[in-house]
Amino acid sequence: MATNVNMELARKLLRNEDFPRTCKYEPDWMVSLDMGCPTLWLLERLCEKMDLKPGMRVLDLGCGKAGGAIFLAKEFDVQVWAVDNAVSQTENWERIKQMGLEAQIFPLRSDARELPFPKDFFDAIICVNSLFFFATEDIYLKHHLIPRVKLGGQIGSVVPGFYTEFQGTLLDDIPAHLRQYWESCMLYTWHSAEWWKRHWLKTEQVEVEVADNFPDKEGYLTYLEWERIIGYPEKIAQDDEGRNITFSRLVIRRRR
Ligand SMILES: C[S@@+](CC[C@H](N)C(=O)[O-])C[C@H]1O[C@@H](n2cnc3c(N)ncnc32)[C@H](O)[C@@H]1O
């Protein structure tokens, strides 16, 4: 992904004190770990709705370059298994060692559909900007993901999506300004918070504790600000002007 990072803007926006935990991290470091979203902002708001306690076993699934795993370990003193099918576990290990977190974070290259963990192993599971890659079909959550968290444990997810589902005949019925991003931003995998809530509930294994788009316009605004910081060639948030796209936040609790 060719980008044109604006570090001056990054240093200004990433000092936003509405995100007191994220503020502690260097903007250069956050930008260097970019995988398409403002991970720490999203994670900070997600964790406000989760009951993370020191020593818990947490899976960060689709962890990318492990920035989120590092944040979880440092901020909540949890143990993190940082799993991704495409990012090298050795590269992530180097990043983990640089932070001195070798005793707390365990990087692993694995596909989300072949998780090498026992059932009921994790106290919590976190997926930031990753579930839409592998969890939209009807088998995955019920048979692969939910059994890996203990009964009573939480799964927290943030995904890019729409405020409401588009109806009718795709692509004719989606707004013209979004059509151009169908392939490049994988819009065919995006859904609304309501869609994800129903998708989770269909498993009959969980309660949905949160299904929203973050407070106020924050889901959209963080998308826009990160897009401006990184300088992606796709200007989807800018073009959308807050009408359709956002980040959706879901917190699930396993009950069966
Ligand atoms: C958009 S990136 C987000 C990464 C990270 N969570 C972050 O916030 O920076 C999505 C990640 O999901 C990973 N991913 C996609 N499909 C996967 C799969 N089937 N199994 C494991 N990881 C997967 C990708 O390799 C990528 O690193």
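Buried means under 20% relative accessible area, exposed means over 50%, and partly exposed is whatever falls in between. Keep that handy for the close-ups below, which all come from a predicted model.

**View 1. Cys23 is partly exposed.** Cys23 has a relative accessible area of 21%, so it lands in the partly exposed class. Its sulfur has no disulfide partner: the nearest cysteine sulfur belongs to Cys47 and sits 16 Å away. A disulfide would need two cysteine sulfur atoms within 2.5 Å.

**View 2. Cys63 is buried.** Here the relative accessibility is 8%, so Cys63 counts as buried. Cys63 isn't in a disulfide either, with the nearest cysteine sulfur, on Cys127, 11 Å off. Count up the disulfides in this model and you get zero.

**View 3. The ligand has 19 residues around it.** The closest of these are Thr39, Gly62, Asp84, Ala112 and Val128. Sort the shell by class and you find nine nonpolar residues, seven polar ones and three charged ones.

**View 4. Backbone atoms of Gly62, Asn85 and Val128 meet nitrogen atoms of the ligand.** At Gly62, a polar backbone atom is 2.7 Å from a ligand nitrogen. At Val128, a backbone N or O atom lies 2.8 Å from a nitrogen of the ligand. For Asn85, the distance from a backbone N or O atom to a ligand nitrogen is 3.3 Å. And how much of the ligand does the protein bury? Taken alone, the ligand exposes 590 Å², and the protein buries 91% of that.

Note on methods:
Residues numbered from 1 in each chain as written. Predicted model: local features only at pLDDT ≥ 70, side-chain atom pairs only at ≥ 80, totals over all residues. Heavy atoms only, no water. Buried < 20%, exposed > 50% of the residue type's maximum accessible area, 1.4 Å probe, protein only. Near = heavy atom within 4 Å. Polar contact = N/O pair within 3.5 Å; in protein donor to acceptor, adjacent residues only side chain to side chain. Areas by Shrake-Rupley, 256 points an atom, 1.4 Å probe, with all protein chains shown as cover. Nonpolar A, V, L, I, M, F, W, Y, C, P; charged D, E, K, R; others polar.
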